[in-house]
Amino acid sequence: MRRVTILGATGSIGQNTIDLIRRDPDAYRVVALTGGRNVGQLAADAAELGAEVAVTCHESELPALRAALAGSGVEAAAGQGALIEAASRPADWVMSAIVGSAGLAPGLAALRSGATLALANKESMVCAGPLMLETARAHGARILPVDSEHSAVFQALIGEDIAAVERVIVTASGGAFRDWPVERLASATPEEAATHPNWAMGQRITIDSASMFNKALELIETREFFGLAPNQIEALVHPESLIHALVGFADGALMAHVGPPDMRHAIGFALHWPERRTLPVQRLDLAALGQMTFRPADETRWPALRLAREVMEARGLAGAVFNAAKEQALDAFIARQIGFTRMTDVVAETLDRLSARDGLDDAVIDLDKVLSADHVARVTAREVIAQG
Ligand code: NAD
Ligand code: MG
């Protein structure tokens, strides 16, 4: 029996993870499930899977969670301390699927307990890549990528020498607005941005796909995860979302990972690694599909990609600032305080204002420095937003 914990169990990745575990309940012992305000779902899943503990990150939801778990034998807990405690409980495999930089501290806690961390929370790698890798190393833990592109790169690298890698190409669907005229983007609404042509995902990552902030985060994640130089990493628009990434080697070969746009592939790969097991995903019929198409990832249409290059060069705490400013800008867009294209301006302006500050280029980062850069960036981004 493998002991598993799911951080962010009520979200899109969390529910897909539960779907896989539910198909083979005898193989797993569920340690902890965590969520937010959706305590009904959290309690139902925790009771069904016989979890030790269910945690909501909101203290105010504890009475509702307790009530929903009454008689189930599952412990109820709430708040940041409880989240870290749950993430630290001995487990063999922990899914990191909280959205945003809020996923960083719980993921680090799981690594400190020596668990294999299946990492969907790309923000951890963007904010604190070196800290994540060093924590894993120091505690004999392992990080497996779950973001589909990074899982694809990881799979293409099996049996290969990283020194022979020339480049990595991360594909992007182009999101909701890939065919819109650029002039129309400024007036795009949150509802329009939150529809994805190929993937069913949480609201925030879907809007980040339309703005390409998601791809920007993924370029930075690629740099940190695989230790590549910024000029070895490219984005490519591939509207069908069938090739998730390609790895180019010194001899000119390109290894592509092709699969259906279903996150249960990458989650299942990380769950069963190093084995491959049968997964309940569609088998592609390439003859029926007929063709795959590609377009350049235009940095004028998607300036977030240009900002990602700056962050990849700067490293240090630039990733934490970039991500936090992006989260604030996204909140403001969802709340209709700023327009769609203004999000990139807010992030660029926040990076500019903070790049002059001491310590932003610190090579050695720890959790306190990252959390403080995250905080300062949020305050600065809010100022930029308020100044219009
Ligand atoms: P989601 O919004 O559907 O779910 C987020 C989960 O995190 C929920 O359980 C929520 O309760 C919890 N949460 C939210 N804020 C929290 C906080 N402050 N503290 C603790 N818990 C909190 O998100 P998602 O789409 O499942 O994405 C989760 C992560 O996986 C993100 O980092 C995203 O970028 C990444 N990812 C998602 C997909 C996808 O297909 N959805 C694909 C690749 C990567
Ligand atoms: Mg992805």
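# Reading burial, contacts, salt bridges and hollows

Modeller: Thr5 counts as buried, at 1% relative accessibility. The rule behind that word: buried is under 20% relative accessible area, exposed over 50%, and partly exposed in between, with a 1.4 Å probe and protein chains only. The model is a predicted one, in which local features need pLDDT of at least 70 and side-chain atom pairs count only at pLDDT 80 or more, while totals for chains, interfaces and linings use all residues. Residues are numbered from 1 along each chain as its sequence is written, chains are lettered from A and ligands numbered from 1 in the order written, and side-chain values use heavy atoms, leaving out hydrogens and water.

Colleague: Where in the fold is Thr5 found?

Modeller: Elements are DSSP runs numbered from the N terminus: helices are H or I with at least four residues, strands E with at least two. Thr5 belongs to strand 1, residues 2–7.

Colleague: Which backbone atom lies 3.3 Å from a polar atom of the Thr5 side chain?

Modeller: A polar contact is a pair of N or O atoms within 3.5 Å; within protein, one must be able to donate a hydrogen and the other to accept it, and residues adjacent in sequence count only if both atoms are side-chain atoms. For Thr5 the partner is the backbone nitrogen of Ala32, at 3.3 Å.

Colleague: Which residue has a polar side-chain atom 2.7 Å from an oxygen atom of ligand 1?

Modeller: That residue is Thr10. Backbone atoms take part too: an N or O atom of Gly11 lies 3.2 Å from an oxygen atom of ligand 1, and one of Gly202 lies 3.1 Å from an oxygen atom of the ligand.

Colleague: On to charges. How many salt bridges does the structure hold?

Modeller: The criterion is a side-chain nitrogen of Lys or Arg within 4 Å of a carboxyl oxygen of Asp or Glu. The structure holds 30 salt bridges. One of them pairs Arg264 with Asp19, with the closest N and O atoms 3.1 Å apart. Arg264 is in helix 11 and Asp19 in helix 1 (residues 12–22), so this pair links distant parts of the chain, 245 residues apart. Arg264 counts as buried, at 15% relative accessibility.

Colleague: Which residue forms a salt bridge with Glu61?

Modeller: The partner of Glu61 is Arg37, and their closest N and O atoms are 3.2 Å apart. Glu61 sits in the loop between strand 3 (53–56) and helix 3 (62–69), and Arg37 in the loop between strand 2 (28–35) and helix 2 (39–49), so the pair ties together parts 24 residues apart in sequence. Their surroundings contrast: Glu61 is buried, with a relative accessible area of 16%, whereas Arg37 is exposed, with 52%.

Colleague: Is Asp331 buried or partly exposed?

Modeller: Asp331 is partly exposed, at 33% relative accessibility. Its side chain meets that of Arg204 in a salt bridge of 2.8 Å, N to O. Because Asp331 lies in helix 14 (residues 318–334) and Arg204 in helix 9 (residues 203–211), the pair ties together parts 127 residues apart in sequence. Arg204 is also partly exposed, with a relative accessible area of 22%. Elsewhere, salt bridges that share partners join Arg29, Glu52, Glu75, Glu85 and Arg89 into one network.

Colleague: And hollows? How many cavities of 30 Å³ or more does a search find?

Modeller: On a 1 Å grid over the protein atoms alone, a cavity is a set of points where a 1.4 Å probe fits but cannot get out; a pocket is an open set with protein on both sides within 12 Å along at least five of seven lines, and lining residues have an atom within 4 Å of a point. Points join across faces, edges and corners, and a volume is the space filled by probe spheres set on them. The search of the whole structure finds one cavity of 30 Å³ or more. The largest cavity has a volume of about 70 Å³, and its lining includes Ser148, Trp199, His257, Pro260 and His265. Helix 7 (148–156) and helix 11 are the elements that give two or more residues to this lining, with the largest share, three residues, coming from helix 11.

Colleague: Which residues come closest to the centre of the second largest pocket?

Modeller: The second largest pocket has a volume of about 250 Å³. Of its 16 lining residues, Pro260, His265, Leu279, Val281 and Arg283 are closest to the centre. Strand 11 (254–258) and helix 11 (263–272) each supply at least two lining residues, and helix 11 gives the most, with four.
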